[in-house]
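Subject: Handover of a structure and notes on its contents

Dear colleague,

Please find the structure below, followed by an account of what was found in it. I would ask you to keep it open while you read.

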Amino acid sequence: MTSPHRQSLVGGYQFELDSFQLQAFDRIDAGESVLVAAPTGSGKTVVAEYAIGLARKLGKRAFYTAPIKALSNQKFHELTLLHGPQQVGLMTGDNSINPQAPIIVMTTEVLRNMIYARSAGIDNLGVVVLDEVHFLQDAYRGPVWEEVIIHLEPTVQLVCLSATVSNADELCEWLTTVRGPTIPIVETKRPVELFNHYVVGDKTTSRVRVFDTLVGGKPNEQVSKIENSSAPRTKKQHPYGSRGRPGMAPSRFYSPNRSDVVLQLRQDDLLPAIYFIFSRSQCDEAAHSCLKQGISFTTKQEREMIAEILDSHVEAFTDDDLAALHYSRFLAQLEAGIGVHHAGLVPSFKEAVEECFAKGLVKIVFATETLAVGINMPARAVVLDKLTKYNGETHQLLKPSDFSQLTGRAGRRGLDTVGHALTLWNPFVTFEQVAALVSSRSFVLNSAFRPTYNMAANLIRTTSKVQARHLLNLSFAQFQSGKDIVEVQARIQRRSKELIRLRDQAFSTYGDIEDYRAGSTARKPLPNIEDVFSTLRPGDVVLIGESLPSERLVVISSANRGSGGKLSLLTISKGVRTVTARDITEHVYTIGHIALPTPYQPTNSRFLKEMSAKLSRFKINERMLVRSGRNRKVRNDHPFLDDPDAKFKLNAAESADRIAKELAQLEKRVSTSAQSVSKKFEDLTDLLEQWGYVDDWKLTEKGVRLGRIFHESDLLIAECLSEGVFDDLDQFELASLASVFVYEDRKREAHERIHFPSSKLDDRWAKIERISRKLSAQEVQYGLLPHRFPDPGFMCTTYDWAHGTSLFDILDEDDVTAGDFVRTMKQLIDLLRQFSTIDDETISSYLSGQAAKSLFTGVVAASSQIGKM
């Protein structure tokens, strides 16, 4: 039944509503929850606005939740324009504006915390909009979405907004199970048609060429023909062809210069555009290069408007701050119509870029993938510099969902008839891979839910053990695991047949192959793998288990981060494997050592190539195997060796062993998966009980404190509080020491020396380190994922900032970008404010507040203000 308020709620729109929007309105009118899955820019927000408006007409409160603060700020501005400043509030870690308003915009974590605190603010709640709900697959943030969905009163209507996903029906089936009728509203058609292009530099003309990626729904044959017609390799040419693809002739193509691509975009009338580069420094470099070449897209009047907008966003900044932030260079780029957008910039700079781009003043923005999350910045074209992204260990091809999210910004509704997505040629990604990614429609949403210590404390505080288990069984992870078992069973069936086939192949009429194998290898008890890892150094050549000499590996880096040892190993074929001690179930034999190339750069492709070549030349003989302790004894008298196919049958037997191990793991997964979430929860509560946080399903004083700490290192922080780590510190020392829980330097080498503000703080850090290592060992023992090891690398920076050191000196002396500095400080302030709510013998509320106040100054405070839109 259509609501009598329908006309008053939609009458103000100046465009015709789409059928999926009207369908969603009907379901909302009927009191049902909805999942709206549609492409970027299709108008999902209209559905959210309708639900909020209807809740207000019915006298109910409405919450709009978003995954990131920038998106929350943007929605706050938009809803304020619709409903007026008295009707809309904002609650994030940085700001609390009009928190009693009937419409509140907030981060998802704020709502989760309100639910656990049983806040009166949710008593008259009518609807919650969960924007970007596909974030529930995010490993760290995802569980918060599921906590909200599970714990929110079933009477509250949900409007879930998501990018297009393949399993919307499955997600709605789960939501219906948990909360009641939830209807999938799926729109697959983009509001603006998207054309995909392949951009190459052509060596024969030294010019940029643009091809359609697909022709008639298939990969463009013209591109393949040109690549296949490349000249054959000559003796003088590199054995890997052009830029390292093994076995391929030199390509006629090359990666076009970024400034040339920008000029091509202008020539083809494809501006404004977003140019995605998965590197902050390269975004900056690309913008600087364009400016240096004199590229400009603006008139005098536009430059004046840009300067005025940027000035309005930095009003609270001092001249010294602006100098530290290289304001003049940033302004010069922006005035030329060239923007940069990445996490290394302070929020005010990013907001200025967003406003200038939205107003058509900036024509090209070089951005990292963080821009793809929620922020409303549609463009005529989107350029992808590469289709691979470094994940901290290796370069991986983008997932179809990531590709769709990035290219979804191409095409401005009401301004463009079509949008354009351009992918640049790259020597490490084939055209076939590009075409497959463009064609893919597989965007399956998978749960990342896992119990946390804080979640456990709050469940124990508010529910019985039976109720807690029931709530955990309502998770999307548990819902999906039931269906996964069918696939696992099918794989067990297939692999079992393969095992039988290989065992048959390994059978010999000449002699017992297993008797030969048992006698040919001296079996020794497996040593402590952590001890073995601690002896390995970069350059060591190793064999794992009974692997063949041709499967030798070389250590390129090693680390011990509290969660155990970790090795990065390189193969002869240049593949990089990262393993932890938990991954190794066989002996690791050190065969020898090879000299490292200089300089030592274990992630550099040239370093890996040279190291792989050295490994390839490294020959293993029997003496090395004996000396390493592998003790391979060759028995020449066994009758099995008379079998002419002995080598083939040995290979079959080894393959059968690997499949047998895989089957054992699959069978274990089947036996435990039905209770996987609740089993993890039980393991977690057992650990909490051992550490004194839980006693017979009741929280101890320590447990109550844990329930008030919302942080990824919640238990470590709680234990440090209980152990008196923060006793007898002043506000500056407290701020400095607390920074170890929020900072993570992924670039610093493990052997680099850390400096501390004082010997007192050095001693306190040592205590935190001991507690962390002890806790990690216990987590491994209980089969839990170890917490992230704390990092003392920001202690001096925090101490200096709290004492009033200028931003210029901070950025000059410390290897940190302005954006990272501000973001880390905000996270630290949030943690210190949490400390101020605890206020018991372990921590002083007053001191914690003063510590937070000492950091909330200068550019940090200025970046926390709600920008003008």
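The crossing of helices α5 and α6 is left-handed, meaning that the near helix is turned anticlockwise from the far one by less than a right angle, whereas a clockwise turn would be right-handed. Helices (H or I, at least four residues) and strands (E, at least two) are DSSP runs, numbered from the N terminus. This is a predicted model, in which local features need pLDDT of at least 70 and side-chain atom pairs count only at pLDDT 80 or more, while totals for chains, interfaces and linings use all residues. Residues are numbered from 1 along each chain as its sequence is written, and side-chain values use heavy atoms, with hydrogens and water left out.

The axes of α5 (residues 108-116) and α6 (residues 142-151) come within 9 Å and cross at roughly 40 degrees. Axes here are lines fitted to C-alpha atoms, for helices over the stretch in contact, and angles run from 0 to 180 degrees between N-to-C directions. The angle makes α5 oblique to α6; angles under 35 degrees count as roughly parallel, over 145 as roughly antiparallel, 65 to 115 as roughly perpendicular and the rest as oblique. Among the residues in contact (heavy atoms within 4.5 Å) are Leu111 and Ile115 of α5 and Trp145 and Val148 of α6.

Next, the sheets. Strands of a sheet pair through backbone hydrogen bonds, either parallel or antiparallel; two strands pair if DSSP finds at least two bridges between them.

One open sheet has 8 strands in the order β4-β3-β5-β2-β6-β7-β1-β8, with mixed pairing. Its edges are β4 (96-97) and β8 (182-186); each has a single partner strand, so one side of each is left without a neighbour in the sheet. Within this sheet, β2 (residues 61-66) and β6 (residues 125-130) run parallel, joined by 5 bridges, and Tyr64 stands opposite Val129 of β6.

A second open sheet has 5 strands in the order β24-β23-β22-β21-β25, and its pairing is antiparallel. Here β24 (576-580) and β25 (588-593) are the edge strands, each pairing on one side only. Strand β23 (residues 565-570) is joined to β24 by 5 bridges, and Lys566 has Thr580 in β24 as its bridge partner. Helix α22 (residues 605-617) lies across β21, β22, β23 and β24, at about 130 degrees to β22.

Strand β9 (residues 193-202) has 7 of its 10 residues buried, where buried means under 20% relative accessible area, exposed over 50% and partly exposed in between (1.4 Å probe, protein chains only). It pairs in the parallel sense with β20 (residues 418-424) over 7 bridges. Strand β9 also runs antiparallel to β10 (residues 207-212), with 6 bridges, and Val200 stands opposite Arg209. In the hairpin of β9 and β10, Ser206 takes a positive phi near 55 degrees.

How many disulfides does a search of the whole structure find? The search finds 0, a disulfide being a pair of cysteine sulfur atoms within 2.5 Å. The sulfur of Cys160 is 7.6 Å from the closest cysteine sulfur, in Cys172, which is too far for a bond. For Cys356, the closest cysteine sulfur is that of Cys290, at 17 Å, again too far. Cys160 is buried at a relative accessible area of 1%, and Cys356 is buried at 0%.

Yours sincerely
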